[in-house]
Amino acid sequence: MSASVKSYAAVDLGASSGRVMVGRVGPDSLELTEAHRFPNRPLRVPEGLRWDVLGLYGGVLDGLRAAGAHCGGRLDSLGIDSWAVDYGLLDADGALLGNPVHYRDSRTEGVAEKVWATVPAPELYAATGLQYAPFNTLYQLTAARSSDQLAHARRLLLIPDLLTYWLTGEQGTELTNASTTQLIDPRTREWSYDIASRLGIDLGLFAPLRQPGDPAGVLRPQVLEEVGFSGPVPVTAVGSHDTASAVAAVPAGGERFAYICTGTWSLAGLELAAPVLSEKSRLANFTNELGLDGTVRYLRNIMGLWLLQECVRAWGETDLGALLLDAAKVPALRFVVDAGDEAFLAPGRMPERIAEACRVSGQPVPASPAEITRCILDSLALAHRRAVADAQRLADHPVDVVHIVGGGTRNALLCQLTADACGLPVVAGPTEAAALGNVLVQARAHGFVGDLAGMRELLVRTQPLTRYEPRGDAARWREAQARLAKG
């Protein structure tokens with residue numbers, strides 16, 4: 001391999017699967033290869049829904065072993081990103097105190113009201129800028145307050161930081177992921193000690209904050225031996241919240257763009273220089289999470305393709321390509337649901353729950369898989385439309401284009417419907433945005449690529465992108481939105 005090309009491993013963990021990707025970065029080249037993909041299967045045990053974090057760690061090690069075959073047993077760096085909010089607790093000896101609780105576990109039901117009794121919701125938002133979601137780390141810690149595990153814990157590590165600790169023996173808390181805990185002040189980009197103190201949360205449980213690009217240790221000798229690398233192999237803190245890495249890989253020029261990171265969730269919003277902490281923003285349920293280089297990811301969480309994933313799971317063996325073709329033949333906007341509704345958060349019986357939501361709101365009831373799929377895609381496009389429009393209004397930040405990145409870029413129907421709904425061009429790609437952002441932050445940390453704008457220019461030059469122009473009658477989308485509001 002040319003000395004002018006460097007190899008980086010991106011460990012990218014999603015809510016349903018994990019993957020280890022190898023990125024090769026040159027002066028004017030960026031190639032990404034999948035080395036290993038493995039399932040992420042949460043387990044329901046008597047005490048609730050838990051992540052199989054040891055299985056995930058095993059998948060990471062298998063992936064690094066496979067990555068070695070792609071790069072001759074040498075890596076210039078590796079970085080880890082994952083979903084947000086969840087964590088593992090360590091005892092005084094650094095041992096894990098049980099499997100991490102899954103954010104869809106029911107333990108946080110009713111907890112928000114207890115928090116708001118001490119810190120009212122408007123005050124909490126003004127201090128932390130985070131939208132209300134029942135699974136935010138703050139609510140999880142409040143729910144766990146009387147648990148034996150928390151009583152014996154001496155360290156709390158968010159999921160990417162926990163895996164980094166096992167690989168390197170060093171502990172840290174990466175900032176973009178920390179900003180999803182609802183314990184960070186987005187103006188100072190530091191812990192909100194006042195909020196934590198009032199809620200009885202010990203911030204001493206958290207390891208020191210790291211910035212994207214900071215060194216996070218080197219692979220332990222035992223890990224090097226297990227995966228077959230010749231060392232040393234540095235580990236670099238990336239945007240360890242996968243959405244932070246994905247937004248870093250949005251191939252945009254300038255500032256007048258919106259983004260939608262699609263996958264299990266749809267995260268739709270803007271990249272800003274400062275948070276929006278107004279009461280109108282809180283009521284619209286927008287969040288201010290932290291990104292690279294002092295940026296703020298101002299966005300709304302939407303259920304995303306979780307709705308379709310759960311339906312496909314309920315239907316069993318399904319030809320997804322044929323299902324999407326059939327859905328495209330179903331008349332548009334016959335039935336829509338609120339894709340941001342908490343009612344769809346828990347797993348199970350998703351086709352029935354979607355049909356019931358349509359029935360209760362007085363709409364026709366989708367019955368076939370094609371009709372339910374069309375309902376989901378129309379509803380997601382409508383939610384994208386609302387989020388993009390609301391973000392522009394609340395942040396006073398107009399946009400000219402919407403970038404869709406992530407797994408949803410493979411769904412051409414969803415991309416076209418989003419362009420139609422937003423009345424704006426949609427540029428779809430890259431699909432593996434989180435892994436690419438992960439790789440590019442590593443490459444930049446080692447002096448191999450330039451600033452954020454330079455990273456994005458490299459993406460435009462090297463990654464396949466598809467453009468969708470808006471079509472159809474915008475009034476139909478306004479009518480569907482009004483119908484949903486009435487329901």
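How many bridges join strand S16 to S18? The close-ups below take up that question and a few others, using a predicted model.

**View 1. Strands S16 and S18, side by side.** The count is 7 bridges between S16 (residues 266-272) and S18, and the two strands run antiparallel. Look along the pair for Glu 271, which stands opposite Arg 297 in S18.

**View 2. The open sheet around that pair.** Step back a little, and S16 and S18 turn out to belong to an open sheet of 7 strands. The order is S17-S18-S16-S15-S19-S20-S21, with mixed pairing. S17 and S21 (466-468) sit at the edges with a single partner strand each, so one side of each has no neighbour in the sheet. Going from one strand to the next, the twist averages 30 degrees.

**View 3. Thr 295, in the loop between S17 and S18.** This loop runs between strand S17 (287-290) and strand S18 (296-302), and Thr 295 is part of it. Is Thr 295 buried or exposed? Its relative accessibility is 12%, and because the cut-off for buried is under 20%, Thr 295 counts as buried. A polar atom of its side chain lies 2.6 Å from the backbone oxygen of Leu 292. Leaving aside residues up to four places away in sequence, Thr 295 touches Arg 189, Glu 271, Leu 272, Glu 289 and Leu 290. You've met Glu 271 already: that's the residue opposite Arg 297.

**View 4. Asp 28 and Arg 461, a salt bridge between distant parts of the chain.** The model has 27 salt bridges in total. In one of them, Asp 28 pairs with Arg 461, and their closest N and O atoms are 2.6 Å apart. Asp 28 is in the loop between strands S2 (17-26) and S3 (29-39), while Arg 461 belongs to helix H18 (residues 452-462), 433 residues apart.

**View 5. Glu 432 and Arg 410, one buried and one exposed.** Here the closest N and O atoms of the salt bridge are 3.9 Å apart. Glu 432 lies in the loop between strand S20 (426-428) and helix H17 (433-445), and Arg 410 in the loop between strand S19 (401-406) and helix H16 (412-422). Glu 432 is buried at 16% relative accessibility, whereas Arg 410 is exposed at 59%.

**View 6. Glu 469 and Arg 467, and a network to compare.** The side chains of Glu 469 and Arg 467 form a salt bridge, 2.7 Å from N to O. Glu 469 is partly exposed, at 43%, and Arg 467 is exposed, at 52%. Elsewhere, salt bridges with shared partners join Glu 34, Arg 37, Arg 410 and Glu 432 into one network.

Terms used. Residues are numbered from 1 along each chain as its sequence is written. This is a predicted model: local features need pLDDT of at least 70, side-chain atom pairs count only at pLDDT 80 or more; totals for chains, interfaces and linings use all residues. Side-chain values use heavy atoms; hydrogens and water are left out. Helices (H or I, at least four residues) and strands (E, at least two) are DSSP runs, numbered from the N terminus. Buried means under 20% relative accessible area, exposed over 50%, partly exposed in between (1.4 Å probe, protein chains only). A polar contact is a pair of N or O atoms within 3.5 Å; within protein, one must be able to donate a hydrogen and the other to accept it, and residues adjacent in sequence count only if both atoms are side-chain atoms. Contact means heavy atoms within 4.5 Å. A salt bridge is a side-chain nitrogen of Lys or Arg within 4 Å of a carboxyl oxygen of Asp or Glu. Two strands pair if DSSP finds at least two bridges between them. Axes are lines fitted to C-alpha atoms, for helices over the stretch in contact, and angles run from 0 to 180 degrees between N-to-C directions.
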